[in-house]
Amino acid sequence: MEIEEFRKHAHAMVDWMADYLENVEEYPVLSKVKPGEIKAQLPKQFPDKPEEFSSIFKDFEDKIMPGITHWESPNFFAYFPASKSKPSILGEMLMSVLGTQGMVWLTSPAATELEDRMMEWMRDLLGLSKDWTGSIQDTASTGTFNALITAREKACNFQINEKGFHRMPSYRIYASEQAHSSIDKNVKIAGFGINNLVKIPVDENFAMIPEKLEEKIQKDIDSGYEPLFILGALGTTGTTAVDPLEKIGQIAKKHHIWFHVDAAYSGAALICPEHRWMSKGLELADSMVFNPHKWMFVNFDCSLYYVKEPDLLKQTYSITPEYLKTDADEQVNNYRDWHIQLGRRFRALKLWFVLREFGADKLRSIIHNHIKWAQWLEKEIENSPDFEMLAPVPVNLLCFRFNNGKMNENELNQFNEQLLKQVNATGKIFITHTKLNGKYTLRLVGGHPELTKGHLEIAWKLIQDTAHKTQ
């Protein structure tokens, strides 16, 4: 592709992108294609000859767009917010053009030093102490894995890295029954064995019960195990429940256990000082992870991993073959030593664009409104004779169900499952579910930067109307 042709198509695509952002609410939020339908339209063989870009883009519009679920729509209320923003898109475009590989400082000094500064900006914005430092990762799963592996190597004096698990203690890892499933996967791939992941019961608000944690730890010590790692949640995946971090931290300190906090989604609320009640006890943690690509309007992927002892992290991961050595190594951060991957994207660039284009006051205002509107909808549900809340609302996620008092639990589960399917089939909104104490639970979360209270009002009316038609 010649440069002038690139220029022409790039301009056309930016126009298309702007039109998409302007009109995204006109698309059905949830894709309506059936399994295999997209693949069936794609040739089985790759082309031997070049194709016109206009033809490629037409296929994108005709064959790919029908299979897109529109996370960018303000009417996307499923899973978790992953809404980008316009400045983040522009930053992502520049990232792609530059093609920066920020594995060491020398490969692009700006990538490293901007990341240094962004980690400091975000530390201050979240209200963390200056004890924390860190780097930008891909996802929270990776951040938690970093913490788990570092805890392992600290406990064994880096002998597992050298010799493997032979003759090592049987380590135990603790997390609540509501913890994100990434801890299960991380425990397996880190070599501990899933049987050494101990799930701690939760209270009526779905937060970890610290007394149960201490009981499990003491029982394991008495049985010859070595407690290694505790995962606390500043917002669980299912309900955004906040574990009692202070009590958990005190238990971790008492038994010399690594304490890691998963604030992947709800951590965004910490930019608002009035919501920092959630982070009480965070200062006792050894590490934490937070995802700006969830509720802070940065394109996926962008996850911040903070740690108190970065030298332990670097010693865990660092391998320096001759071809990666540079004269600047003693003066700079080489972030390839802060995670598994060698190659690194210039993620700090889009975060920088977002923080500057929005500004802290605007970001706080948006987060504040999302929480305020969720609390409004919580009251609407509580006041409805046909619906009930099933979990508290610490931030902007609502867990509820239809219940008119005329069905048994099995019938209620079936009805709410059917209600969810019918609501989503309209294409007007997209919500998902979880199960809480065996109850099929509707799960609605609004976190788009251009979300309004009106979007929630329309969604709530649609859910009520659909429920009444389904009875």
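A crossing of two helices is right-handed if the near helix is turned clockwise from the far one by less than a right angle. That convention comes up in the first two views of this predicted model.

**View 1. Helices α9 and α10 pack with a right-handed crossing.** Here we look at helix α9 (residues 210-222) against helix α10 (residues 245-255), whose axes are 9 Å apart at an angle of about 20°. The two helices are therefore roughly parallel. From α9, the contact involves Pro 210, Glu 211, Leu 213, Glu 214, Ile 217, Gln 218 and Ile 221. Their partners in α10 are Lys 247, Ile 248, Ile 251, Lys 254 and His 255.

**View 2. Helices α1 and α4 also meet in a right-handed crossing.** The axes of α1 (residues 3-23) and α4 (residues 86-98) come within 12 Å and cross at roughly 155°. Angles over 145 degrees count as roughly antiparallel, so this pair of helices, α1 and α4, earns that label. On the α1 side you will find Val 14, Met 17 and Leu 21, which meet Lys 86, Ile 89 and Met 93 of α4.

**View 3. Phe 57 and Phe 60 belong to an aromatic cluster.** Aromatic pairs number 21 across the whole structure. In the pair shown here, the ring centres of Phe 57 and Phe 60 are 5.3 Å apart and the planes make an angle of 35°, so the pair is tilted. Both residues sit in helix α3 (residues 53-64), 3 residues apart, which is about one turn of the helix. Phe 57 is buried at 17% relative accessible area, whereas Phe 60, at 26%, is partly exposed. The cluster is completed by Trp 16, Tyr 20, Tyr 27 and Phe 53.

**View 4. Trp 352 and Phe 353 form another tilted pair.** Their ring centres lie 6.1 Å apart, with the planes at 55°. Trp 352 is partly exposed, with a relative accessibility of 26%. Phe 353 is partly exposed as well, at 23%.

**View 5. Two charged side chains lie over aromatic faces.** Arg 172 is placed over the face of Tyr 225, 3.8 Å from the ring centre. In the other example, Lys 308 lies over the face of Trp 132, with 4.6 Å to the ring centre.

**View 6. The loop between α11 and β7 holds Phe 297 and Asp 301.** Most residues other than glycine have a negative phi, and most peptide bonds are trans. Phe 297 has a positive phi of about 70° and is buried, with 0% relative accessibility. In this loop between α11 (292-295) and β7 (303-307) we also find Asp 301, joined to Phe 300 by a cis peptide bond with omega of about 10°.

**View 7. Pro 449 touches Phe 297 and several other residues.** Pro 449 belongs to the loop between β11 (439-445) and α16 (453-470). With a relative accessibility of 14%, Pro 449 counts as buried. Leaving aside residues up to four places away in sequence, the contacts of Pro 449 are Ser 83, Lys 84, Phe 297, Phe 358 and Ile 366. Tyr 317, by contrast, is 37 Å from Pro 449, C-alpha to C-alpha, and 132 residues apart in sequence.

**View 8. Phe 158 is another residue with a positive phi.** Its phi is near 65°. Phe 158 lies in the loop between α6 (140-155) and α7 (159-163), and is buried, with a relative accessible area of 11%.

Technical notes: Residues are numbered from 1 along each chain as its sequence is written. This is a predicted model: local features need pLDDT of at least 70, side-chain atom pairs count only at pLDDT 80 or more; totals for chains, interfaces and linings use all residues. Side-chain values use heavy atoms; hydrogens and water are left out. Rings of Phe, Tyr and Trp (its six-membered ring) pair if their centres lie within 6.5 Å; planes under 30 degrees apart count as stacked, over 60 as edge-to-face and the rest as tilted. Helices (H or I, at least four residues) and strands (E, at least two) are DSSP runs, numbered from the N terminus. Buried means under 20% relative accessible area, exposed over 50%, partly exposed in between (1.4 Å probe, protein chains only). A charge sits over a ring if NZ of Lys or CZ of Arg is within 6 Å of the ring centre and within 35 degrees of the ring normal. Axes are lines fitted to C-alpha atoms, for helices over the stretch in contact, and angles run from 0 to 180 degrees between N-to-C directions. Angles under 35 degrees count as roughly parallel, over 145 as roughly antiparallel, 65 to 115 as roughly perpendicular and the rest as oblique. Contact means heavy atoms within 4.5 Å.
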